[in-house]
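Me: I am new to this structure and would like a close look at a single part of it. Could you take me into the nonpolar interior and tell me what is packed there?

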Amino acid sequence: MSHVLHRNLQQQPPRASAGEGAYVIDSNGKRYLDGCGGAAVSCLGHSHPALIKAAQQQIETLPYAHTSFFTTDVMEELADTLVAGAPGMGKVLLVSGGSEAIEAALKLSRQYFVEKGEMTRHLFIARRQSYHGNTLGALAVGGNDWRRKHFAPLMVPGNHISPCIAYRGMRDDETPEQYGQRVADELDAKVLELGAGNVAAFVAETVVGATAGAVPPVPGYFKRIRDICDQHGIHLILDEVMCGTGRTGSMMAYEQEGIVPDIVTMAKGLAAGYQPIGALLCRRELTDVIRAGSGFFQHGHTFMGHATAVATSLATLQVIEKENLLDNVISQGDAIRARLYAELGEHENVGDVRGRGLFIGVEFVADRETRAALDPTHKTHNLVQNNAFANGLLCYGMGGTIDGRSGDHVLIAPPYNISNKQADDLVDKFVAAVTATFANR
Ligand SMILES: Cc1ncc(COP(=O)(O)O)c(C=O)c1O
């Protein structure tokens, strides 16, 4: 019996033993086309020579140096590269994953206000159906019931408004823009309810990932959100842990919204899964206030700025640029979505095909007309994922799409360097998995 505390304590997962380009190979030699990169992580496949070389070289030179003693060339260069690709951002904190980046974002926002003497600003507002990580602070701001409910007594209270999910929330008499204004205005109402002087920040995923299934905002939504934040003097923290680093076709997903946040977080694809890493980027003004005050951001972790992770991340960004991969993200994303519409658009149990770039969500329903959810006890998202798995395709199924309990979707997030043939194979295998799942109903 395994001593590993696996996620599912009643099942032993198959053993992955190798990776080759877009494929993961298990211990029996079976090959799986990696259509989701784990959880949108492996954005350059599993054997890219430039990433392997970067990690190896850094280990040979200096694997790790504690950030309270040293900076490193690779950390300075990665920060320069990230800032150059993220409009409006001026400083970078490098951590080990997405939850750490969110924790740091919450603390940075709070400390900024403390240093400015706005001591009462301590509350965070986020959206239902968002996921910001599993550490207690990140879980507290997140809005996914299923993930939160066991741990609710341990968490600071969360303050949540509606998400921006047109497929579920837009009324028949609204345009997408009107719907966006309506749900954005909930932020204004919530700030007033809590008292503007008590609120530090609003936190949102620019494109919602795991919990709702690749949902882009409607046009104008984030512009209105930005205005409301400015009006009340609160920070806008965008969580791009999943949708950032080029996943939606631009390095930062917020570039497509025509706004600049105060803080943005990244992780997942930042070192393409070759090393664990996360990042917080912020506007210069936030750190200027702290520099002029205590001079010290009161937050740290042992593995911050880990040199090997940082060198691998730098190589990841260089490969994305050198191989022109954002173009491929856009064209392959459009092509996959178009084929999914063509093959599944009329399927009675496919409610919505959506996403941006190579961040694609398919939502399943019991009835296309009414958009009624499937029986959650059937865990249809798992059935689709399992049928795809049996057929040699990895995709990421998730339940609770609508309210944390009901609703099913599957996320597709293949590598940025996916070929035409692999993209076709992905769609063929996915369509076969959906057909098999609903065949006997
Ligand atoms: C949007 C978002 N934020 C934060 C996190 C937490 O990241 P990590 O699992 O690296 O801690 C995730 C992970 O899925 C995520 O999707």
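Reply: Happy to! A word to begin with: two residues are in contact, or touch, when they have heavy atoms within 4.5 Å of each other. With that in hand, and remembering that this is a predicted model, let's start at L340. Leaving aside residues up to four places away in sequence, L340 touches G345, V353, I360, V362, I412, V427 and F430.

L340 belongs to the largest nonpolar core, which has 86 residues. Along with F202, F364 and F430, L340 is among the members that touch the most others in this core. The biggest contribution comes from helix α11, residues 307-322, which gives 9 residues to this core. There is also a second core, separate from this one, with 26 residues, including L93, F124, V141 and A201. In soluble globular proteins, nonpolar side chains tend to be buried together.

Now let's step back to see the chain around these cores. The chain holds 14 helices and 15 strands, and 54% of its 441 residues count as buried. Many contacts reach far along the sequence: among those between residues at least 6 apart, 71% join residues at least 24 apart.

What does the radius of gyration say about the overall fold? For 441 residues, a compact globule would have a value near 22 Å, and the chain has 21 Å, so the two agree. The C-alpha trace spans about 65 × 60 × 45 Å along its principal axes. On the outside, the accessible surface comes to about 19100 Å², and 53% of that belongs to carbon and sulfur atoms.

How values were computed
Residues numbered from 1 in each chain as written. Predicted model: local features only at pLDDT ≥ 70, side-chain atom pairs only at ≥ 80, totals over all residues. Heavy atoms only, no water. Helix = DSSP H or I, 4+ residues; strand = E, 2+ residues; numbered from the N terminus. Rg over C-alpha atoms; globule rule 2.2 N^0.38 Å. Buried < 20%, exposed > 50% of the residue type's maximum accessible area, 1.4 Å probe, protein only. Areas by Shrake-Rupley, 256 points an atom, 1.4 Å probe, with all protein chains shown as cover. Core = buried A, V, L, I, M, F, W, Y, C linked by side-chain atoms within 4.5 Å.
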